[in-house]
Structure formats: structure tokens, C-alpha cells
Amino acid sequence: MARSTMDFGIDLGTTNSAIAVLDGTEARIVKNAFQHDTTPSAVYADRNGRIHVGERARERVESDPANAAAEFKLKMGLRDQATTFANSGLSMSPEELSAHVLRALKANVNRQLGEDIRAAVITVPAAFELNQTDATRRAAEAAGLGLSPLLQEPTAAALAYSFQRDEDNIYRLVFDLGGGTFDASIVHIRDGEFDIVNHRGDNFLGGKLIDWAIVEELLMPALLRQYSLPGFGRGEPTWAQAIAKLKAAAENAKIELSSADSALIDISDPPLCTDPRGNPVEFVHELFAADVDKLTEPFVARAINICQAALRESQLAPEKIDRVLLVGGPTLMPHLRRRLREGLGIELDVSQDPMTVVARGAAIFAGTQRLPAEPVRADVSYTVDLEYKPIGADPEPVVGGVVQGPADRNLEGFTVEFVNGQARPPWRSGQIILPAAGSFITTLRAEPGLRNTYEIVLEDPTGTRERIQPAELTYTLGVVAPAATLTHSIGVALAGNEVAWLLEKGTRIPARAREILRSTVRLTRGQSGGLLRIPILEGEHPRADRNRQVGALEILADQVARDIPKNSEIEVEIQIDASRLVTTKAYVPILDEEFEAFHDLTTETAADPVKLRRDLTAEQERYDALRADAERTSDPAALALLGELEDERALGQLENDVSSTEHGDADAAGTAGKRMLDLRAKLDAVEEALEWPSLVEWANRVLRDAPGIIDEYGDAQDRRRYEVLAADVRWALAGRDAAHLRTLVDELTGHLAMVVDRKTGAVVMAHFSQLVEQRPELRDQALAARLIAEGRRAVDSNDIERLRTVNRQLFDLLPSEGTPERQEGSSVRRSL
Ligand code: ADP
Ligand code: MG
């Protein structure tokens with residue numbers, strides 16, 4: 001019997017991958033050729049260019065690193081990241097490597113179940129950015145999985161934990177610590193559906209960081225105490241193989257320590273490497289759980305901080321969370337579980353195997369995905385087009401359909417009946433009499449705990465049974481997955497390092513949004529190299545450069561029919577589909593033209609070690625200054641934020657990553673780039689916390705002076721606007737959001753200045769003199785001369801309005817560069 005639903009789910013992991021199938025109401029893992037549940041996401045290319053995936057390839061990563069690749073998921077969607085395999089000369093992008101892993105999983109299904117699958121649900125970390133999701137889809141296509149809905153890993157995990165349970169109105173925290181990524185997601189289960197309420201993640205936090213810490217802080221020092229190995233370190237080509245062996249040994253020992261107090265590392269036969277004089281280097285070292293626990297601590301602290309930030313952001317106290325669902329290999333560590341329980345104060349759910357729970361959840365979701373109809377068999381004359389959900393919380397689901405017969409066949413008087421033979425006694429819907437057009441709608445009754453299969457019985461008006469395709473449908477009672485939501489906001493970068501968020505985090509997808517911007521530069525038609533560039537950002541931070549740029553919308557000078565003057569409206573549209581494929585468009589009203597924008601979702605790596613070092617030095621100085629300030633003022637909010645950074649050893653970790661990057665380790669570069677962004681955002685928050693008292697003082701001063709200014713210079717309309725703004729400022733004072741308060745006080749002072757200016761005109765005149773001074777820079781000298789003369793006449797006649805217009809025109813003649821500026825409704829930025 002052909003499948004009517006997708007049923008297969010794949011966890012395409014950084015370290016390990018797995019495939020599961022939904023069998024009745026149970027999701028089962030399909031094992032690999034070694035009878036293992038998971039397959040290492042590693043690829044090895046032999047001399048003949050043959051590709052090997054899994055255990056053997058994983059071993060090669062240490063013994064033969066020039067011909068093997070692993071952990072490529074972290075590089076998905078990045079440009080120029082091809083791995084070259086020395087012996088075969090093959091070169092493969094991260095997507096191609098992932099496609100090989102997917103093919104290997106498909107082959108397991110073929111071997112174990114004899115099925116050749118073309119469709120499967122594939123999971124991606126919720127922290128994956130658009131370029132990474134897009135790359136995953138391409139990998140699936142290349143592997144022959146043309147139909148591959150993407151599902152977020154926490155959603156999959158929560159599904160596996162909740163699928164056949166009867167629970168209502170509870171919150172769960174999915175704690176997923178894998179080999180290289182961390183995700184904390186808050187899930188709300190209600191009325192049989194569940195929703196990701198909030199998510200926070202870090203694409204550069206996982207078990208392999210523990211492995212590296214063991215290598216760098218325990219194994220290497222022990223090794224170098226015994227042997228003299230000049231230049232021994234990460235990223236040094238001479239020692240690459242020895243380092244890789246140490247890392248593998250560290251990982252195995254770490255896994256052993258989940259169920260023992262000590263583990264012996266023995267790399268003596270064959271030896272680790274040879275020293276410069278050619279003598280074998282044998283390394284034997286006993287590792288203790290207590291030492292590894294200590295090294296694990298900063299990573300656990302970071303993960304806990306991320307969870308707490310997610311809870312705070314959703315305004316959920318830990319008592320509101322029913323349980324923590326554990327996902328990922330490192331959650332098997334007893335120390336981590338202990339710290340998690342204490343640190344979060346929430347009970348842990350350890351009922352599922354954390355290594356396979358994501359694949360099993362993906363299979364459950366795959367059970368909700370209907371496959372396209374099979375081609376109609378030659379011996380069948382009737383087909384039915386069904387409308388229903390294969391899995392749902394309703395025990396009496398609605399099914400609609402339209403029966404079609406041979407051409408022109410009138411179906412009046414035919415009957416359809418659904419029969420569930422698994423129910424005791426068998427359940428029958430009763431015969432439904434069809435109208436001429438063959439359409440019907442009915443409800444079924446489902447038994448819990450099994451995949452209900454309903455035979456579809458079609459009879460003609462004489463009671464003769466006819467063959468129909470499909471001949472059955474299945475329905476399972478269970479919790480269903482929610483529609484996908486955005487895990488990061490998507491927007492465009494504006495002038496002044498600002499952002500316009502078009503689609504906010506948490507928006508259900510597919511979704512579409514538009515925003516009208518104003519260009520801050522003129523685009524001259526045909527001008528060589530001229531372009532209008534609108535960077536597309538993904539993130540949450542109000543400062544544009546604190547977010548990730550995932551692409552750019554560009555309008556080129558040779559694309560446009562006419563010039564686009566400065567200050568022209570540009571309507572930007574961003575659209576995202578259910579699998580997170582993004583398209584952007586720009587509409588320029590003055591040209592009445594639409595630009596299907598160029599955008600390239602592959603991002604460049606931030607691998608420039610010189611820049612990383614410079615940035616790190618700057619952040620270190622900022623950190624020291626802020627620390628001193630916080631101590632001087634004993635500001636509790638600032639001290640708490642700094643405390644978090646210290647628990648995570650953020651600067652120390654970053655120092656390690658930057659120095660590895662300097663030694664040529666491209667992988668560490670990705671980590672360093674991400675950590676740098678995080679560190680900056682946190683220091684920004686500290687800065688804002690410290691600034692808060694002076695900001696409050698300033699806000700109160702403005703609030704105190706404002707009524708007098710309005711009384712003296714303003715009219716009734718000015719007063720109304722003032723009242724609105726003052727109320728906003730008071731509200732922001734209560735909210736403790738420094739950036740928001742600053743914006744609102746700026747707006748209020750702007751309003752007051754405008755009221756005063758209008759009356760006095762002094763500022764307008766001062767601005768005019770300033771523009772006259774800038775005369776040599778103005779673009780059109782003839783026009784400038786005319787405007788300046790007109791301005792002088794306006795000054796003489798004290799015509800402030802006319803002078804203001806002149807100023808604006810002169811201002812437009814100033815050369816300027818930059819990205820567009822948001823056109824604001826109620827609070828127009830003053831440009832005079
Ligand atoms: P991913 O989702 O990245 O593929 P996994 O969930 O498969 O990751 O976890 C892989 C990580 O789990 C590796 O870093 C591995 O060393 C670690 N790991 C696996 N088993 C254990 C264990 N028993 N104790 C500690 N860590 C483990
Ligand atoms: Mg995983």
C-alpha cells in the first residue's frame with residue numbers, strides 16, 4: 001500500500017544525523033548499516049573519488065583530515081567554504097556534503113524497509129538564519145528529496161515529547177544542546193496545538209566546545225609538560241593530525257564520564273605523533289569528571305543565561321514552566337543536568353532519548369504532511385480528491401471530497417462510505433449519497449492510540465462496488481505542530497545605523513510586509529557603478545550593525561529608466577514562505593517601476609583575524625571601563641549583566657577563538673564573529689543600564705521645563721502634541737528601556753525646539769548662515785547662488801517660512817551618501 005503521508009523525518013545534525021518513520025502512533029528510528037540509531041555527519045572521499053558517510057568517515061576526520069570533513073552544518077549558507085579532499089581532488093560545498101549525509105539516510109530506509117523515499121521532513125535549528133535554511137533546502141533537493149518541508153528542531157522535539165499525551169495549557173522549555181548549536185525554546189501547548197512562544201539560541205555553542213576546552217586546557221598542557229613540541233597548537237598544519245586525535249580522544253572520554261568518575265586516554269599504540277627529532281610521542285592521561293565538569297561550567301552558565309533571558313523576555317516565571325525537555329548528546333551529562341535543575345529551578349523531563357528525539361518528532365510531523373496523489377492505475381475508473389488533516393486533536397474529524405468518474409459520468413445516486421476495520425466493533429460512517437457533481441462532506445470517528453485506516457467504499461446506484469483511488473485514508477489522534485513562526489525579526493538597515501523591522505520575531509509564516517522608505521542619495525541613470533543598496537537584516541537589535549546582514553536589495557543605475565532623486569519614496573516588500581525562502585521587491589512610485597531585487601543569502605565569513613583582534617581589543621577596553629563605572633556607581637542592573645558575562649567567561653572564550661583564527665582556524669572564525677556580536681550587544685545593555693540614572697535626570701528636567709515653554713511659545717495644537725509626547729516619556733520612564741526613553745525624550749525636545757524656532761526663527765537663520773558657509777560644496781552652483789540670494793531677501797523681510805524652504809532646498813544640494821531613511825508618520829525626523 002502506497003503511503004498517503006510523508007511519514008519520514010530527518011534530524012540533519014552538526015555531529016550526528018538520524019532518520020525516523022512514523023509507524024502507527026509510534027515514531028521509530030531507522031538504523032544504519034552498523035545498527036546504530038545515529039549516523040555521524042561526516043564525509044570521507046577516497047582516492048577514487050568514492051564518498052563514504054558516517055562512522056568510517058568520522059574516524060577519518062582524525063586519522064586522515066585532508067580527506068574527510070565534519071561539522072559542515074555550521075558553514076551551511078556561507079560563501080567560499082568548499083572542502084577540498086586531497087587524494088581525490090574533489091571539492092564540495094557544505095550543502096553538497098550535507099546532501100551526501102541525506103543520501104546515506106535515504107539508503108538506510110532502502111536497506112531496512114525496502115522503500116525509496118522522495119520526501120521527508122528535515123529539521124533545522126531554530127537559531128538557523130535564512131541563508132542556512134535556504135542551503136538546507138538545496139541540499140535536500142540535491143539528495144533527491146524534492147519534497148522536504150523544513151521543521152524547527154525544538155518543535156520536532158516538543159512534538160515527540162507531547163504527541164500521545166493528554167495535556168492542556170502548559171508551557172515547556174526545550175533545552176537543546178547539540179554538538180555545535182544551542183537552542184532554548186518556550187513552547188505553549190493548548191487545545192491540542194502548540195506554539196513556540198519564544199526562542200533564543202546560539203549557533204556557536206555545543207559539545208564540541210567542551211571537547212576543545214578539554215584539549216586546550218587539560219590535554220595540551222599535560223602533553224607539553226612531557227614533550228617539547230615547538231609550535232604545538234590549534235590551526236598549526238604540522239600538528240593538525242595530532243590535535244585532531246586529541247580532540248577525538250577528549251570527546252570519547254567526555255562521553256565515558258557521563259557514567260563514570262574517570263576515563264583513561266591512551267594514545268600510545270600507534271603514538272600520537274613524532275617529535276621534531278623523530279621520536280614517537282606517546283600520550284597517556286587520566287581524565288577526571290570533576291575537572292571536566294569545571295571546564296563545562298562556562299558553557300552551562302551561558303546556556304542557562306540564554307534560557308533565563310528567553311523566560312524574562314516572555315515574562316514567564318520559572319514556576320510557569322511545567323518541565324524542561326532535554327535534547328542533544330551533552331544533556332546526558334550528569335553535571336549539566338544538576339546545574340540545569342538548580343540554575344533554572346524547573347523539573348527536567350528525561351523520558352525521551354535526547355539523541356533521537358528530534359528525528360522521531362520530525363517523523364510525527366511528517367505524518368501530518370500529505371503526499372501528492374499517485375498516478376491513477378489503469379484498472380481504476382473513479383478517483384476521489386480528499387480534503388482532511390491526517391493528524392489532529394479532534395476525535396471526530398471532518399473530511400470533504402469530490403468523486404470523479406470516467407468523462408461525463410453523472411454520479412447522482414452513487415454512495416460513499418468510510419469503514420474503520422480496526423475499531424471494535426468496526427466503525428462505519430453510513431452510506432453518503434452523492435449529488436451529480438460527486439461532492440460530499442462528512443465526519444469520521446477516530447480511536448485514540450492508533451493510526452486509524454478508513455477504507456473508502458464507492459457503490460453505484462445499483463449497489464455494485466466500484467474501484468476508487470485512493471482506496472483508503474488514515475487519521476491519527478494527536479497533538480499537531482503549529483504553523484511555523486519567525487525566530488528572528490527581518491528588516492532593512494537605514495541611515496544612521498537604524499533598522500526598520502518589517503517582520504517581527506514570532507510572526508507566523510508564510511508572511512509578507514511592506515514599508516515605505518526614503519532614499520538619502522540620488523541614483524543617476526546609467527552612472528557607472530551607481531546603485532541604491534538596501535541591506536536586509538536578520539536579528540533583534542535596534543542598532544543596525546548589531547544584526548546579521550543576510551542579503552541586500554540593490555537597484556542599479558543601469559536598471560532605471562530615469563533618475564531617482566534624493567528623498568524619493570521606495571516601497572520595500574519582504575516575503576517569506578513556509579520553508580523560510582525569502583524574496584524581496586522594491587517599488588519606486590516616481591518611476592512606477594518594480595525591481596525584483598537581487599539578493600544573495602549566502603553570507604561571507606567574518607574570517608578577518610586582524611579585524612577580529614582590533615574589535616576584541618576595543619571591546620576589552622570598553623568592558624574594563626564599564627566594569628569600573630558599574631563598581632563606582634554600584635548599579636545593580638549593570639553589575640548583573642557584567643556578572644553574566646563573567647560566568648560565561650565571555651572575553652576569555654573570545655580570546656581563544658580569536659587566537660585560533662589568527663592561526664588559520666576558519667571554524668573558530670565563525671564562532672568568534674558571533675560571540676563578538678553577542679558581547680557587543682551585552683556591553684550595549686550595560687552601557688544603557690549605567691546611562692539610565694543620567695537619562696532619567698535629563699528626562700525629568702525636560703518634563704519640568706516643557707510646560708513653561710509650551711505656555712510661552714506654543715499654540716493649542718502644540719500643546720496637544722506635547723501632552724502625547726510627555727505621556728510617552730513618563731511611560732518609558734516606568735519601563736526602564738534606555739534606548740526607548742532616549743528616542744522619546746529626543747522627540748519631545750525636538751518638538752519643543754520646533755515650537756521655539758517657529759516663534760523666533762533664530763535657528764532657521766543660523767542654519768541658513770551655516771549652509772552659506774558650505775557653499776563651495778554645494779552641487780549645483782548656479783542654483784545655489786539663486787537660492788542664497790532668495791534666502792537673503794527672506795532674512796531681510798523676516799520671512800521665516802520662506803527661509804525654511806530655501807534651507808531645505810540648499811540642504812538637498814549637499815553631497816551625501818548612505819542608505820535610505822525611514823519615512824516616519826507621526827514623528828518626522830527634523831531635517832529643516
Ligand atoms: P547535533 O545535534 O549537533 O548533531 P547531538 O545531539 O548528536 O548533536 O550531540 C552531539 C554531541 O553530544 C557531541 O558533542 C557528543 O560529544 C555529545 N555527546 C554524545 N553523547 C554524550 C554523552 N553521553 N555525554 C556527553 N556528551 C555526549
Ligand atoms: Mg541536534
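**Reading a ligand shell and a helix pair**

The largest share of the shell around ligand 1, three residues, is supplied by helix 6. The model is predicted.

Me: How many residues surround ligand 1, and which are the closest?

Reply: To read a shell, start with the residues that have a heavy atom within 4 Å of the ligand. Here 19 residues surround ligand 1, and the closest are Asn16, Gly179, Glu251, Lys254 and Ser258. Helix 5 (207-226) and helix 6 (240-256) each give at least two residues to this shell.

Me: How do the residues of the shell divide into nonpolar, polar and charged?

Reply: Sorting by residue type comes next. The shell around ligand 1 has 11 polar residues, five nonpolar and three charged.

Me: Which residues have polar atoms 2.9 Å, 3.0 Å and 3.2 Å from an oxygen atom of ligand 1?

Reply: For a polar contact, look for N or O atoms within 3.5 Å of each other. An N or O atom in the side chain of Asn16 lies 2.9 Å from an oxygen atom of ligand 1. With Gly329 the partner is a polar backbone atom, at 3.0 Å from a ligand oxygen; with Thr14 it is also a polar backbone atom, at 3.2 Å. Of the 580 Å² of accessible area that ligand 1 has on its own, the protein covers 92%.

Me: Now the helices: are helix 14 and helix 15 roughly parallel or antiparallel, and why?

Reply: Check the angle between their N-to-C directions; over 145 degrees counts as roughly antiparallel. Helix 14 (residues 716-735) and helix 15 (residues 738-760) pack at about 160°, with axes 9 Å apart, so the two are roughly antiparallel. Their crossing is left-handed.

Key. Residues are numbered from 1 along each chain as its sequence is written. Chains are lettered from A and ligands numbered from 1 in the order in which they are written. This is a predicted model: local features need pLDDT of at least 70, side-chain atom pairs count only at pLDDT 80 or more; totals for chains, interfaces and linings use all residues. Side-chain values use heavy atoms; hydrogens and water are left out. A polar contact is a pair of N or O atoms within 3.5 Å; within protein, one must be able to donate a hydrogen and the other to accept it, and residues adjacent in sequence count only if both atoms are side-chain atoms. Accessible areas come from the Shrake-Rupley method with a 1.4 Å probe; for residues, only the protein chains shown count as cover. Helices (H or I, at least four residues) and strands (E, at least two) are DSSP runs, numbered from the N terminus. Ala, Val, Leu, Ile, Met, Phe, Trp, Tyr, Cys and Pro count as nonpolar, Asp, Glu, Lys and Arg as charged, and the others, Gly among them, as polar. Axes are lines fitted to C-alpha atoms, for helices over the stretch in contact, and angles run from 0 to 180 degrees between N-to-C directions. Angles under 35 degrees count as roughly parallel, over 145 as roughly antiparallel, 65 to 115 as roughly perpendicular and the rest as oblique. A crossing is left-handed if the near helix is turned anticlockwise from the far one by less than a right angle, and right-handed if clockwise.
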